[in-house]
Amino acid sequence: MKPHHWPWTFLVFSTIGTALLLVGIAALAGMLKGVHPLFGDDMAGWALIVSAVAALLTGAFPLVLRRLAEREAA
């Protein structure tokens, strides 16, 4: 059995998505109001969470393609 390697794009976009999700939750909780004026609005937190979901889905796409290619080669 061949070892499975994670695509680097999956790793990068998952890291970005996780960071965006954590910052978005912190913005919604009001912990970032003093950092920047844009974080004073609740919509900033929601925008970061939506961006996190988009980044995680973008990272999942190459992972699914890799898994399908491995299944087809087996």
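**Exercise 1. In this predicted model, list the residues of helix 1 that are buried, and name the element that they pack against.**

Solution. The buried residues of helix 1 are Thr9, Phe10, Ser14, Gly17, Gly24, Ala26 and Ala27. The next step is to look for their partner, and these buried residues pack against helix 2. Seen from the other side, the buried residues of helix 2 are Ala44, Gly45, Leu48, Ile49, Ala52, Ala55, Gly59 and Leu63, and they pack against helix 1, which covers residues 8-28.

**Exercise 2. Compare the span of each helix with the span expected at 1.5 Å a residue.**

Solution. Begin with helix 1, where 21 residues at 1.5 Å a residue should span 30 Å; because the end C-alpha atoms of helix 1 are 30 Å apart, the two values agree. Continue with helix 2, which runs over residues 42-73 and has 32 residues. From its first C-alpha to its last, helix 2 reaches 48 Å, which is close to the expected 46 Å.

**Exercise 3. Describe glycine 30 and alanine 29, and determine whether alanine 29 is buried or exposed.**

Solution. Glycine 30, just after helix 1, takes a positive phi of about 85 degrees. Alanine 29 is found in the loop between helix 1 and helix 2. Its relative accessibility is 56%, and since exposed means over 50%, alanine 29 counts as exposed. As a last step, relate the loop to helix 2: alanine 29 and glycine 45 are 16 residues apart in sequence, while their C-alpha atoms lie 8.5 Å apart in space.

**Exercise 4. Find the salt bridge of the structure, and explain how its two residues are placed along the sequence.**

Solution. The structure holds one salt bridge, in which the side chains of arginine 67 and glutamate 70 meet at 3.4 Å, N to O. Both residues lie in helix 2, three residues apart, which is about one turn of the helix. An α-helix has 3.6 residues a turn, so residues three or four places apart point the same way. For the accessibility of the pair, arginine 67 counts as partly exposed because its relative accessibility is 30%, and glutamate 70 is also partly exposed, with a relative accessible area of 22%.

**Exercise 5. Identify the residues that make the nonpolar surface patch, and classify valine 64 by its accessibility.**

Solution. Phe61, Val64, Leu65 and Leu68 make a nonpolar surface patch of about 390 Å². Valine 64 lies in helix 2, and because its relative accessibility is 46%, valine 64 counts as partly exposed.

Key:
Residues are numbered from 1 along each chain as its sequence is written. This is a predicted model: local features need pLDDT of at least 70, side-chain atom pairs count only at pLDDT 80 or more; totals for chains, interfaces and linings use all residues. Side-chain values use heavy atoms; hydrogens and water are left out. Helices (H or I, at least four residues) and strands (E, at least two) are DSSP runs, numbered from the N terminus. The expected span of a helix is 1.5 Å times one less than its number of residues. Buried means under 20% relative accessible area, exposed over 50%, partly exposed in between (1.4 Å probe, protein chains only). Contact means heavy atoms within 4.5 Å. Patches are made of residues with over 30% relative accessible area and no salt bridge: like charges are joined within 9 Å, nonpolar side chains (Val, Leu, Ile, Met, Phe, Trp, Tyr) within 5 Å. Accessible areas come from the Shrake-Rupley method with a 1.4 Å probe; for residues, only the protein chains shown count as cover. A salt bridge is a side-chain nitrogen of Lys or Arg within 4 Å of a carboxyl oxygen of Asp or Glu.
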